[in-house]
Amino acid sequence: MQMNRKRHIAIFTTASLPWMTGTAVNPLFRAAYLSKDGERKVTLVIPWLSLKDQELVYPNNCRFSSPTEHEAYVRQWLEERTKFRSDFTIRFYPGKFSVDKRSILAAGDISEVIPDEDSDVAILEEPEHLTWYHHGKRWKTKFCLVIGIVHTNYLEYVRREKNGVQAFLLKYMNTWVVSIYCHKVIRLSAATQDYPKSIICNVHGVNPKFLEIGKKKLEQQQNGDQAFTKAAYYIGKMVWSKGYRELLKLLHDHQKELTGLQVDLYGSGEDSSEVQEAVQKLELSVQVHPGRDHADPIFHEYKVFLNPSTTDVVCTTTAEALAMGKIVVCANHSSNDFFKQFPNCRTFDKSNDFVTVTRKALADEPAQLTDAQRHELSWEAATERFLKAAELDHSLTKNQSGSPSNNYMSTSMNLQWNIEDLSAQVHHFVSGFEASRKIFGAIPGSLQPDEEQRKELGLVVPAGN
């Protein structure tokens with residue numbers, strides 16, 4: 001690649017707005033802030049769902065008749081939050097919604113969305129998810145540099161279902177596909193599965209509107225006004241695995257020590273009715289409310305965010321609460337390591353510690369965030385961390401020196417590459433048959449996009465079909 005040519009970064013992700021999930025929101029902000037200074041070309045590649053799948057995934061009857069309409073929605077949502085017009089391209093790949101996995105899976109070879117002449121750097125948001133069933137050109141062959149960003153602790157979810165065999169197989173499947181297809185792996189925290197040659201770095205930031213809310217709270221504190229008039233709350237998708245089990249157990253086990261505590265829970269999800277039933281058995285004042293946007297004014301007055309969850313990799317709502325100037329009570333867990341640098345992050349180790357830490361948080365006034373701390377939570381800082389971790393400026397040219405030591409290293413590297421190449425060929429072979437794909441959990445008929453999606457996305461029908 002010529003040094004005077006802008007690097008082209010293609011960001012592939014597994015979800016898109018209006019589905020308010022981390023892999024829809026964070027890659028969108030990453031694209032906006034990587035392209036903001038104009039020093040690199042950026043393309044965000046997101047899934048396109050046909051209408052029947054949109055009905056299963058997108059909330060509030062939000063539907064799109066075309067990719068153009070969907071793109072307009074995404075751009076408007078982004079600009080309302082960043083307050084600047086982003087200069088990056090959005091492209092779509094055909095996706096299908098897997099009901100049993102509650103995930104969007106690709107149909108066909110999504111690397112084809114980027115023309116070969118623009119294939120420079122690929123960022124795979126959730127690389128294991130994007131490559132489990134990949135059948136097409138090898139990512140490392142098509143792109144000069146492939147960076148996987150690990151968002152999700154899939155093994156923890158499987159373990160919670162008490163399926164040890166599946167967790168064992170998934171661990172090795174993930175390691176296999178990620179090593180085949182990624183040059184570099186960035187884990188958001190140590191709470192993710194460990195991968196060879198991976199690094200830990202939180203390359204996510206906070207939606208700017210939460211920092212704005214925090215600034216207003218800071219002004220109130222500096223003026224001597226009461227910035228927070230409500231006690232404690234929790235917000236999250238209302239499924240047991242998203243922290244509700246841990247929080248309700250803590251509240252149940254320490255009802256006497258926490259007498260007088262008022263907690264509001266906000267969320268919607270598959271386990272809403274069961275959570276309601278569990279709350280009714282408590283003696284504490286705990287109210288359950290439907291899910292809302294965390295930036296809703298109803299949350300501005302709460303002083304303490306209770307989040308004992310240990311299934312998140314880096315919890316977005318914890319970062320948002322800190323940005324709004326709140327005190328966060330969370331578990332002393334690797335998923336919260338990034339947040340420990342902030343004075344308003346209060347961690348607990350044992351169940352009894354939760355009581356002590358929560359009581360103190362309710363009695364204290366939140367510390368006022370400094371400009372440096374506020375910056376650390378921002379997407380500007382997250383982008384700086386990503387660029388440093390990604391090492392985009394490092395050459396990928398092989399060392400062709402003829403010295404004996406370099407020849408030895410070259411032989412070793414060639415052997416490693418040959419083994420990896422053989423492994424990639426095995427994956428390509430196995431992923432090319434509907435029967436084997438079905439065994440491993442792929443959506444039937446996802447080897448290629450269906451006719452409806454080809455028409456919607458203007459894709460060419462392969463020769464021979």
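Lys237 is partly exposed in this predicted model, with a relative accessible area of 39%. The side chain of Lys237 meets that of Glu270 in a salt bridge, with 3.8 Å between N and O. This pair links distant parts of the chain, for Glu270 sits in the loop between β10 and α10 and Lys237 in the loop between β9 and α9, 33 residues apart. In the whole structure, a search finds 27 salt bridges, and two further examples are worth a look here.

One of them is formed by Lys137 and Asp116, whose side chains meet at 3.5 Å, N to O. Lys137 belongs to the loop between α4 and α5 (139–142), while Asp116 belongs to the loop between β4 and β5, so the salt bridge ties together parts that are 21 residues apart in sequence. Both ends of this pair are partly exposed: Lys137 has a relative accessible area of 39%, and Asp116 has one of 48%.

The other example involves Arg40 and Glu39, which form a salt bridge whose closest N and O atoms are 3.7 Å apart. Here the two partners differ in setting. Arg40 is buried, with a relative accessible area of 13%, whereas Glu39 counts as exposed at 54% relative accessibility. Asp37 also takes part, as Asp37, Glu39 and Arg40 are linked in a network of salt bridges.

Glu126 offers a contrast to these pairs. This residue is buried yet has no salt bridge. The nearest side chain of opposite charge is that of Lys242, 9.1 Å away; a salt bridge requires a nitrogen and an oxygen within 4 Å. Glu126 is placed in the loop between β5 (121–125) and α4 (127–131). Beyond its neighbours within four places in sequence, Glu126 is in contact with Thr14, Thr23, Ile149, His151, Thr152 and Tyr154.

Attention now turns to the sheets. Eight strands make up an open sheet with mixed pairing, in the order β4-β3-β2-β1-β5-β6-β7-β8. Its edges are formed by β4 (103–106) and β8 (198–200), each of which pairs on one side only. From one strand to the next, the twist averages 30°. Within this sheet, β1 (residues 7–12) and β2 (residues 40–48) run parallel and are joined by six bridges; at one position, Ile9 stands opposite Val42 in β2.

Two helices that pack on this sheet can be described. Helix α1 (residues 22–35) touches β1, β2, β5 and β6 (145–150), and its direction makes about 165° with that of β2. Helix α3 touches β2 and β3 (89–98), at about 105° to the direction of β3. Val74 is found in α3, which spans residues 67–82. With a relative accessible area of 3%, Val74 is buried. Apart from neighbours within four places in sequence, the contacts of Val74 are Ser16, Leu17, Leu28 and Ile90. As for its position relative to Ser446, which lies 372 residues away along the chain, the two C-alpha atoms are separated by 25 Å.

A further open sheet contains six strands with parallel pairing, ordered β11-β10-β9-β12-β13-β14. At its edges stand β11 (285–289) and β14 (345–348); each has a single partner strand, so one side of each is left without a neighbour in the sheet. Neighbouring strands of this sheet are turned against each other by 25° on average, direction ignored. The edge strand β11 is joined by five bridges to β10 (residues 262–266), the two running parallel. Tyr266 has His289 in β11 as its bridge partner.

Helices can be placed against this sheet as well. Helix α9 (residues 244–253) lies across β9 (230–235), β10, β11, β12 (302–307) and β14, and runs at about 165° to β10. In helix α10 (residues 272–280), the buried residues are Ser272, Val275 and Val279. Viewed down the axis of α10, these buried residues fall within an arc of 60°, so they line one face of the helix. Their cover includes α9, β10 and β11.

Notes
Residues numbered from 1 in each chain as written. Predicted model: local features only at pLDDT ≥ 70, side-chain atom pairs only at ≥ 80, totals over all residues. Heavy atoms only, no water. Helix = DSSP H or I, 4+ residues; strand = E, 2+ residues; numbered from the N terminus. Buried < 20%, exposed > 50% of the residue type's maximum accessible area, 1.4 Å probe, protein only. Lys, Arg positive; Asp, Glu negative; His and termini not counted. Contact = heavy atoms within 4.5 Å. Pairing = 2+ DSSP bridges. Axes fitted to C-alpha atoms, helices over the stretch in contact; angles between N-to-C directions. Arc of directions from axis to C-beta.
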